[in-house]
Amino acid sequence: MTRLLIITGPQGSGNHVFSKCLAVHEDVFGWKSLLNTYWEGHHHEPFADAWEDPELLHEFDWDQSDYFVTSVSTPYFKNKEAVIPNFERFINVAKKYVDEVDVAIIGRDQNILEYQQQRVRKQHTTPIALDHFKWLFENQQCVFLSQELLYLYKQNYLEQVSRDIDWPIAYWDPEIDEILKADANKKYIKDVHEYWLDFEVHRAVRES
């Protein structure tokens, strides 16, 4: 049985890190070129042209694997313009060539998402993503992935995801250690010098 896994999420939620982790397994056709660099633009993603025009999926070689992964942000940016993936059209066309289409939606702390989007794209795009995920929620059985859980539990998390979606993930591979070596959230974390609840916690400790 041939399967296509679509991973998506708000811009900056972790498409690149999940694309890397899911491309390591030799049985999976994924974004292999991303494994050779820290980051590259989504126009290098193997299905990028088909997200622009899903009819191009008929030109793809579907005989090279039983497992395919494609990654797309919501929105993605082309020529500095925000573009909404046409999930309905892409999935309907893809179902002509694979037996099953699965969807995994990535989550990341909503405050970090806003900071990241404002820093990189000068606009908060998460609300756009949430609005356009409604079609997926209503028409597809979606699973959820978490960037925070990925960095916290690492291989254990990927092993669980592999079981949950019945998907080959090389969670034991040393390359996963390298991919997850630097937590992308760390640059957004700042010291909290004083917070009112700290005093209540300390007082409760003294009283207990």
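## Helix α1, strand β1 and two pockets

The buried residues of α1 are Asn15, His16, Val17, Phe18, Ser19, Lys20, Cys21, Leu22 and Ala23. That is nine of the nine residues in the helix, so α1 counts as mostly covered, buried meaning under 20% relative accessible area. The model is predicted.

**The chain as a whole**

The protein chain holds 208 residues, and 46% of them count as buried. Its secondary structure comes to ten helices and seven strands. The C-alpha trace spans about 70 × 40 × 35 Å along its principal axes. Accessible surface totals about 12,100 Å², with 49% of this belonging to carbon and sulfur atoms. Among contacts with a separation of 6 or more, 70% join residues 24 or more positions apart.

**Strand β1 and its partners**

Strand β1 covers residues 3-10. Like α1, β1 is mostly covered, with eight of its eight residues buried. Two strands pair with β1 in the parallel sense: β3 (residues 67-74) over eight bridges, and β6 (residues 100-107) over six. Leu5 has Val69 as its bridge partner in β3. Ile6 stands opposite Val103 in β6.

In a regular strand, side chains alternate between the two faces of the sheet.

**The pockets**

Which residues lie nearest the centre of the largest pocket? They are Asn15, His16, Val17, Trp39 and His42. Asn15, His16 and Val17 are also among the buried residues of α1. Several elements each supply at least two residues of this lining: α1 (15-23), α2 (48-52), β3, β4 (76-78), α4 (110-121), α7 (147-153) and α9 (174-179).

The second largest pocket has Pro10, Arg108, Leu113, Thr126 and Leu130 nearest its centre. Two or more residues of its lining come from each of β6, α4 and α5 (126-132). Helix α4 gives the most, with four residues. Both linings thus draw on α4, which supplies at least two residues to the largest pocket and four to the second largest.

The table sets out volume, lining and residue classes for each pocket.

| Pocket | Volume | Lining | Classes of lining residues |
|---|---|---|---|
| Largest pocket | About 1,100 Å³ | 43 residues | 16 nonpolar, 15 polar, twelve charged |
| Second largest pocket | About 220 Å³ | 15 residues | eight nonpolar, five polar, two charged |

**Backbone details**

Where is the cis peptide bond? The bond runs from Thr74 to Pro75, with omega near -5 degrees. Pro75 has its place in the loop between β3 and β4. Strand β3 is the one that pairs with β1 over eight bridges. Both β3 and β4 also supply residues to the lining of the largest pocket.

Lys80 has a positive phi of about 70 degrees, although this residue is not a glycine. The loop between β4 and β5 (81-83) holds Lys80. Is Lys80 buried or exposed? At 77% relative accessibility, Lys80 counts as exposed, because the cut-off for exposed is over 50%.

Asp166 also has a positive phi, near 55 degrees, and is a residue other than glycine. Asp166 sits in the loop between α8 (155-165) and α9. Its relative accessibility is 57%, so Asp166 counts as exposed. Helix α9, at one end of that loop, is among the elements that line the largest pocket.

Note on methods:
Residues are numbered from 1 along each chain as its sequence is written. This is a predicted model: local features need pLDDT of at least 70, side-chain atom pairs count only at pLDDT 80 or more; totals for chains, interfaces and linings use all residues. Side-chain values use heavy atoms; hydrogens and water are left out. Buried means under 20% relative accessible area, exposed over 50%, partly exposed in between (1.4 Å probe, protein chains only). Two strands pair if DSSP finds at least two bridges between them. On a 1 Å grid over the protein atoms alone, a cavity is a set of points where a 1.4 Å probe fits but cannot get out, and a pocket is an open set with protein on both sides within 12 Å along at least five of seven lines; lining residues have an atom within 4 Å of a point. Grid points are joined across faces, edges and corners, and a volume is the space filled by probe spheres set on the points. Ala, Val, Leu, Ile, Met, Phe, Trp, Tyr, Cys and Pro count as nonpolar, Asp, Glu, Lys and Arg as charged, and the others, Gly among them, as polar. Contact means heavy atoms within 4.5 Å. Accessible areas come from the Shrake-Rupley method with a 1.4 Å probe; for residues, only the protein chains shown count as cover.
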